[in-house]
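Student: Could you take me on a close look at the part of this structure around the ligand? I would also like to hear what else is worth a glance once we step away from there.

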Amino acid sequence: MKLIMDLIVAVDNNWAIGNKGELLVSIPEDMKFFRQTTMGSVVVLGRKTLAGFPNGLPLKGRDNIILSTNADYKVKDAVVVHSREELLEELKKYSDKQIYVIGGGAVYNMLYRIVNMHTLLR
Ligand SMILES: NC(=O)c1ccc[n+]([C@@H]2O[C@H](COP(=O)([O-])OP(=O)(O)OC[C@H]3O[C@@H](n4cnc5c(N)ncnc54)[C@H](OP(=O)(O)O)[C@@H]3O)[C@@H](O)[C@H]2O)c1
């Protein structure tokens, strides 16, 4: 089975992506690009990245798949998976949809080898 899985990340000149659980900077144009690009898609993210979203809520208009090792962790309006293997099994259900890996560091590290990457330089 082939998955359409891309990675989306904002990096600085040193490839840093965040600090102390926050984004390095908040750029409205980037936020807009992220929202428009991922809308209607499946997004894959770590539990810590979700915690940094407004009110810790999943992204609207997208199927949110959250990674956590905690078997008791539940998120309303999102699917929680507990390992890379469980994630890839879950993603088979979305083989007709665009999938975006949206962070953070631990999740990028785990998946960057198996996604398509498109680079947008400014
Ligand atoms: N610049 C960008 O584009 C961008 C995008 C997203 C995030 N960020 C930044 O990235 C930082 C957060 O990254 P992070 O690395 O600290 O955390 P993260 O990747 O968002 O989440 C890490 C958590 O995900 C779960 N997890 C990761 N791999 C797993 C696996 N194989 N199986 C099960 N669960 C797994 C674990 O949750 P449990 O602890 O619950 O087990 C782990 O603690 C923040 O600063 C954020 O602002 C930047």
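**Around the ligand and beyond**

Tutor: Happy to! Please keep in mind that this is a predicted model. Let us begin with the elements that build the surroundings of the ligand. β2 (18-19), β3 (22-23), α2 (47-51), β7 (98-103) and α4 (105-111) each bring at least two residues to the shell. Of the contributors, α4 gives the most, with five residues. Altogether, 25 residues surround the ligand, and the closest are A10, R47, T49, S68 and T69. Sorted by class, the shell has 10 nonpolar, 12 polar and three charged residues.

Now for individual atoms, where a bench eye likes to linger. T69, one of the closest residues, has a polar side-chain atom 2.4 Å from an oxygen atom of the ligand. Two other contacts come from the backbone. In L67, a backbone N or O atom lies 3.4 Å from an oxygen atom of the ligand. In H82, a backbone N or O atom is 3.4 Å from a nitrogen atom of the ligand. As for overall cover, the ligand on its own has 930 Å² of accessible area, and the protein covers 80% of that.

Let us step away from the ligand and look at charged pairs. The structure holds four salt bridges, and I will walk you through some of them. One joins K97 to D63, with the closest N and O atoms 2.8 Å apart. K97 sits in the loop between α3 (84-91) and β7, while D63 belongs to strand β5 (residues 63-67), so this pair ties together parts that are 34 residues apart in sequence. What is the exposure of each partner? K97 has a relative accessible area of 26%, so K97 is partly exposed. D63 has a relative accessible area of 29%, and D63 is therefore partly exposed. L67, which makes one of the backbone contacts with the ligand, falls in the residue range 63-67 of that β5 strand.

Another salt bridge links K93 and E90, and here the closest N and O atoms are 3.0 Å apart. The two partners sit in opposite settings: K93, at 61% relative accessibility, counts as exposed because the cut-off for that word is over 50%. E90 has a relative accessible area of 11% and is buried, because buried means under 20%. A further salt bridge is formed by K76 and D77, whose closest N and O atoms are 3.4 Å apart. Both of these residues, K76 and D77, are exposed.

The surface also has a nonpolar side to show you. V9, V11 and W15 make a nonpolar surface patch of about 320 Å². Within that patch, W15 lies in the loop between β1 (4-7) and β2, and β2 is one of the elements that supply residues to the shell around the ligand. At 67% relative accessibility, W15 counts as exposed.

One last stop is N116, a residue of strand β8 (residues 116-117). N116 has a relative accessible area of 40%, so N116 is partly exposed. If you would like a sense of scale, N116 and E22 are 94 residues apart in sequence and 25 Å apart in space, C-alpha to C-alpha.

Notes
Residues numbered from 1 in each chain as written. Predicted model: local features only at pLDDT ≥ 70, side-chain atom pairs only at ≥ 80, totals over all residues. Heavy atoms only, no water. Near = heavy atom within 4 Å. Polar contact = N/O pair within 3.5 Å; in protein donor to acceptor, adjacent residues only side chain to side chain. Areas by Shrake-Rupley, 256 points an atom, 1.4 Å probe, with all protein chains shown as cover. Helix = DSSP H or I, 4+ residues; strand = E, 2+ residues; numbered from the N terminus. Nonpolar A, V, L, I, M, F, W, Y, C, P; charged D, E, K, R; others polar. Patch = residues over 30% accessible without salt bridge, like charges linked within 9 Å, V, L, I, M, F, W, Y side chains within 5 Å. Salt bridge = Lys/Arg side-chain N within 4 Å of Asp/Glu carboxyl O. Buried < 20%, exposed > 50% of the residue type's maximum accessible area, 1.4 Å probe, protein only.
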